[in-house]
Amino acid sequence: MAETVVSCPGVAALTRGRFGTATTYLPGGSVPGVRLHDEAVEIHVAVRYGRPIPEIVAEVREAVSPLSGDRRVDVTVEDVTDTEEARKVGSP
């Protein structure tokens with residue numbers, strides 16, 4: 001899912017969320033910006049300035065929906081940037 005999200009036009013990076021809790025923990029590591037729940041998938045992103053945010057959110061939701069099963073896809077935009085610095089957002 002993470003790779004699918006960052007490949008969407010307008011997405012600069014995945015972020016850990018406001019309190020750093022938007023993370024999926026896996027054996028040997030974690031995936032920041034994606035959190036799975038029973039009924040929903042949380043996606044937290046920084047987007048690039050220049051396109052309407054609702055368009056970017058709709059593209060992310062559409063791209064992730066086939067991977068989410070029956071779960072709702074919730075997309076939260078944490079930051080808007082016009083530089084590549086957004087790739088560092090949420091980094092430890």
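Which residue stands opposite Arg48 in β6? In this predicted model, local features need pLDDT of at least 70 and side-chain atom pairs count only at pLDDT 80 or more, whereas totals for chains, interfaces and linings use all residues. Residues are numbered from 1 along each chain as its sequence is written, and side-chain values use heavy atoms, with hydrogens and water left out.

The residue opposite Arg48 is Thr81 in β6. Helices (H or I, at least four residues) and strands (E, at least two) are DSSP runs, numbered from the N terminus; two strands pair if DSSP finds at least two bridges between them. Strand β5 (residues 40–48) runs parallel to strand β6 (residues 72–81), and nine bridges join them. Between these strands the chain passes through helix α2 (residues 53–64), forming a right-handed β-α-β crossover; right-handed means that, with the strands pointing away from the viewer, the path from the first strand over the helix to the second runs clockwise.

Strand β5 also pairs antiparallel with strand β1 (residues 11–14) over three bridges, where Ala13 has Ala46 as its bridge partner. Three bridges likewise pair β5 with strand β4 (residues 34–36) in the antiparallel sense; a hairpin through three residues joins β4 to β5, and Arg35 stands opposite Glu42. Eight of the nine residues of β5 are buried, that is, under 20% relative accessible area (1.4 Å probe, protein chains only).

Thr24 belongs to strand β2. This residue is buried, with a relative accessible area of 15%, and a polar atom of the Thr24 side chain lies 2.5 Å from the backbone oxygen of Val34.

Technical notes:
Buried means under 20% relative accessible area, exposed over 50%, partly exposed in between (1.4 Å probe, protein chains only). A polar contact is a pair of N or O atoms within 3.5 Å; within protein, one must be able to donate a hydrogen and the other to accept it, and residues adjacent in sequence count only if both atoms are side-chain atoms.
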